Amino acid sequence: MKLIIGLTGGIGSGKSTAAHMFAQLGVDIIDTDVIGHQLTAAGEPALTSIENLFGKGLITVDGKLDRVKLRDLVFNDAVARKKLEEFLHPLIREQVLTALTQSNSSPYTIIVVPLLFETNAYQHIIQRSLVIDCAEQMQLQRALSRGNINDITVRAVMAAQCPRQRRLAQADDVIVNDGGFEELKAKVVEMHEKYLSLA
Ligand SMILES: Nc1ncnc2c1ncn2[C@@H]1O[C@H](COP(=O)(O)OP(=O)(O)OP(=O)(O)O)[C@@H](O)[C@H]1O
Ligand SMILES: [Mg+2]
């Protein structure tokens, strides 16, 4: 069976950036965030379900999901978050399993799962976990630098995620993303070599 890696990390740690670098090396990437976006795109049945669960206020005039509003809602309301996750996570997982059956020439596959250690829904799918890690202060800065999220919400997301030390303790592999893009790229290449030797 093909080697499957679960890539995770806190908000703003650099998961998407690292995943993009692995993709440039020819690695098959399945990103649960991307799947979540696709499932809730305008006109998709899951969007109607979200409207039914949380009301019309989350849908913009052009029929799209107001993602910022939804995030602000669920990270300030644990019950709403649980409701959203219970609905959306099984749908995402199904899509991941389908994607895994699609054959490709990649020597191994990376699944990007922000909540890998929070949900345990992927523990039987992946063989190894890779954590992208940096100091919390840097996570905060990087998340804020993208705009569209404020300090309070980033902290709320961090509080809802697995604590950094527990995430590190559970990791099989860690990439410390505390330098620039070139440094990250070099670490990604090094990890890629390791995964090629395991695949
Ligand atoms: N090594 C780096 N040097 C400089 N900037 C970086 C580095 N790694 C990531 N960034 C920047 O930090 C921000 C967060 O990175 P990224 O989007 O990859 O994080 P993420 O873990 O996917 O976040 P999220 O949990 O919100 O999906 C981005 O603007 C990205 O360009
Ligand atoms: Mg990301």
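**Entry 1: a definition.** I began by noting that angles under 35 degrees count as roughly parallel, over 145 as roughly antiparallel, 65 to 115 as roughly perpendicular and the rest as oblique. I also noted that the model is predicted.

**Entry 2: α1 and α10.** I looked up how these two helices are arranged. Their axes come within 10 Å, and α1 and α10 cross at roughly 55°. I therefore recorded α1 and α10 as oblique to each other. I found the crossing of these helices to be right-handed.

**Entry 3: residues at the crossing.** I asked which residues of α1 meet α10. Thr17, Ala18, Met21 and Phe22 belong to α1, and they meet Leu184, Lys185, Val188 and His192 of α10. I sorted the residues of this contact by class and obtained five nonpolar, two polar and one charged.

**Entry 4: ligand 1.** I asked how many residues surround ligand 1. There are 19, and the closest are Gly14, Lys15, Ser16, Thr17 and Arg142. Three helices, α1 (15-24), α7 (136-145) and α10 (181-198), each supply at least two residues of the shell. I noted that Thr17 is thus listed both among the residues closest to the ligand and among those of α1 that meet α10. By class, the shell holds 10 polar, five nonpolar and four charged residues.

**Entry 5: Ile50.** I located Ile50 in helix α3, which spans residues 45-54. Is Ile50 buried or exposed? I recorded Ile50 as buried, because 21 other C-beta atoms lie within 10 Å, and a residue counts as buried at 20 or more. Leaving aside residues up to four places away in sequence, Ile50 touches Thr40, Leu58 and Leu65. I also looked up Leu88, which is 38 residues from Ile50 in sequence and 8.9 Å from Ile50 in space, C-alpha to C-alpha.

Note on methods. Residues numbered from 1 in each chain as written. Chains lettered and ligands numbered in written order. Predicted model: local features only at pLDDT ≥ 70, side-chain atom pairs only at ≥ 80, totals over all residues. Near = placed C-beta within 6 Å. Helix = DSSP H or I, 4+ residues; strand = E, 2+ residues; numbered from the N terminus. Nonpolar A, V, L, I, M, F, W, Y, C, P; charged D, E, K, R; others polar. Axes fitted to C-alpha atoms, helices over the stretch in contact; angles between N-to-C directions. Left-handed = near helix turned anticlockwise from the far one by under 90°. Contact = placed C-beta atoms within 7 Å. Buried ≥ 20, exposed ≤ 12 C-beta atoms within 10 Å, placed from the backbone.
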